[in-house]
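Trainee: I should like to go through the assignments in this model and the criteria behind them.

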Amino acid sequence: MGAAQTQDELGALLAVEFEASTRELFYAFELLAKNRGITCPFRSPSQLGARIGDSLDVLQGAGWEFRPKVRVVRGNKRHAFIRNFEGKE
């Protein structure tokens, strides 16, 4: 999973971007659920992928941009998730 953040000259966060396959994102959700002692709401990477596809309006409403299949690495499709904070308080 690749990640980057952008800050202004005062160090305020302007944007966060990460790129991951659905499988990597699924494993991250599983780990987070395990660390918090809750059940992961997704049973497989394909279920998570379907949920992301069904929830694009929700993601956009929360300020996230989703770019599917930005790259293929060793046969795994990687997707970009971008959150811009500019103009938000």
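Mentor: The discussion below takes up the salt bridges, then the largest pocket. This is a predicted model, in which local features need pLDDT of at least 70 and side-chain atom pairs count only at pLDDT 80 or more, while totals for chains, interfaces and linings use all residues. Residues are numbered from 1 along each chain as its sequence is written, and side-chain values use heavy atoms, with hydrogens and water left out.

Trainee: Why is the contact of Glu19 and Arg71 called a salt bridge?

Mentor: The term requires a side-chain nitrogen of Lys or Arg within 4 Å of a carboxyl oxygen of Asp or Glu. The N to O distance for Glu19 and Arg71 is 2.5 Å, so the pair meets the definition. The structure holds four salt bridges.

Trainee: What parts of the chain does the pair of Glu19 and Arg71 tie together?

Mentor: Glu19 lies in strand 2 (residues 13–21) and Arg71 in strand 3 (residues 64–73), so the parts joined are 52 residues apart in sequence. Strands (E, at least two residues) and helices (H or I, at least four) are DSSP runs, numbered from the N terminus.

Trainee: Why does Glu19 count as buried, and Arg71 as partly exposed?

Mentor: Buried means under 20% relative accessible area, exposed means over 50%, and partly exposed lies in between (1.4 Å probe, protein chains only). Glu19 has 17% and is therefore buried; Arg71 has 45% and is therefore partly exposed.

Trainee: Which other salt bridge does Glu19 form?

Mentor: Arg78 is a partner of Glu19, with the closest N and O atoms 3.2 Å apart. This pair links strand 4 (residues 76–84), which holds Arg78, to strand 2, which holds Glu19, across 59 residues. Both Arg78 and Glu19 are buried.

Trainee: How do you know that Arg67 and Glu65 are partly exposed?

Mentor: Their relative accessibilities are 39% for Arg67 and 33% for Glu65, so both fall in the intermediate class. These two residues form a salt bridge, the closest N and O atoms being 2.8 Å apart. Elsewhere, shared partners join Glu19, Glu24, Arg71 and Arg78 into one network of salt bridges.

Trainee: What makes most of the lining of the largest pocket nonpolar?

Mentor: Ala, Val, Leu, Ile, Met, Phe, Trp, Tyr, Cys and Pro count as nonpolar, Asp, Glu, Lys and Arg as charged, and the others, Gly among them, as polar. By that division the lining has twelve nonpolar, one polar and one charged residues.
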